[in-house]
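Q: I am new to this structure and would like a close look at a single part of it. Could you take me through that part slowly, together with what packs around it?

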Amino acid sequence: MKLVTSLTSPYGRKARIVLLEKKIPFQLQAENPWLPDSPVPTLNPLGKVPVLVLEDGVSVFDSRVIVEYLDPLSPVAHLIPGEPKSRMAVRGVEALADGVTDAAVAVYLEKKRPADRQSADWLSLQEKTLFRGLEALAEALGEKSWYHGNGMTLADIACGCTLGYLELRFAEIDWRTPHPNLAKLFDKLMARPSFKETVPVV
């Protein structure tokens with residue numbers, strides 16, 4: 001199978017980490033979906049990455065759908081619990097982390113626009129969402145080593161990808177001081193080969 005993604009995409013990073021943790025062989029195809037000649041729209045009508053292209057040519061898109069497909073493929077590193085309540089808890093943290101990322105991406109793209117065309121109200125709304133989301137992620141983790149159970153799950157991976165995106169695009173945001181538990185989790189994740197190998201490249 002082939003994963004088509006941008007090397008800076010936090011959603012693509014999530015899919016890459018799941019593939020690596022589960023030791024599923026794949027080909028990485030780096031693409032910039034913003035370029036006019038990008039092949040991404042032919043693989044995903046929404047024009048977004050990541051896209052997982054299966055051996056039969058079928059495209060799977062949206063990172064949450066991709067990881068849902070991947071988890072049962074290998075017994076290595078089971079990342080999404082089967083029990084309904086546990087599954088909901090893990091996927092809920094993933095949705096929260098992705099929501100923080102969505103807000104961060106929105107801020108990043110808005111700030112790339114000419115200053116006189118930026119919307120202060122839009123930026124304020126997204127920034128409030130970002131910081132509320134970080135607080136919720138920290139609260140959900142609490143004093144635990146992992147979000148769920150005694151080992152890493154998709155919840156931890158999703159949170160790690162969100163924090164990694166903030167490190168990449170928003171170095172001025174000090175999220176470590178107010179949320180030392182998130183900092184501890186992120187540093188632990190960054191010691192793993194899957195996270196080291198997928199550090200975003202600008």
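**A helix and its neighbours**

A: In this predicted model, helix 4 and helix 5, the latter covering residues 120-141, pack with their axes 9 Å apart and at an angle of about 150°. Because angles over 145 degrees count as roughly antiparallel, helix 4 and helix 5 are therefore described as roughly antiparallel to each other, and their crossing is left-handed. On the helix 4 side, the residues that meet helix 5 include Val93, Leu96, Ala97, Val100, Ala103, Ala104 and Val107, as well as Glu110 and Lys111; on the helix 5 side, the residues they meet include Trp122, Leu123, Gln126, Leu130, Gly133, Leu134 and Leu137. Sorted by class, this contact between helix 4 and helix 5 has 14 nonpolar residues, together with 3 polar and 3 charged ones.

Helix 4 itself runs over residues 84-112, and because each of its 29 residues is taken at 1.5 Å, an expected span of 42 Å follows, which agrees with the 41 Å between its end C-alpha atoms. At the start of helix 4, glutamate 83 has a side-chain oxygen that reaches to within 3.1 Å of the backbone nitrogen of lysine 85.

Helix 5 also packs with helix 7 (residues 180-189), at an angle of about 75° and with the axes 9 Å apart, so helix 5 and helix 7 are roughly perpendicular to each other. Here Leu134, Leu137, Ala138 and Leu141 of helix 5 make the contact with Asn181, Leu182 and Leu185 of helix 7, and by class this contact has 6 nonpolar residues, 1 polar residue and no charged residues.

How values were computed: Residues numbered from 1 in each chain as written. Predicted model: local features only at pLDDT ≥ 70, side-chain atom pairs only at ≥ 80, totals over all residues. Heavy atoms only, no water. Helix = DSSP H or I, 4+ residues; strand = E, 2+ residues; numbered from the N terminus. Expected span 1.5 Å × (residues − 1). Polar contact = N/O pair within 3.5 Å; in protein donor to acceptor, adjacent residues only side chain to side chain. Axes fitted to C-alpha atoms, helices over the stretch in contact; angles between N-to-C directions. Parallel < 35°, antiparallel > 145°, perpendicular 65-115°, else oblique. Left-handed = near helix turned anticlockwise from the far one by under 90°. Contact = heavy atoms within 4.5 Å. Nonpolar A, V, L, I, M, F, W, Y, C, P; charged D, E, K, R; others polar.
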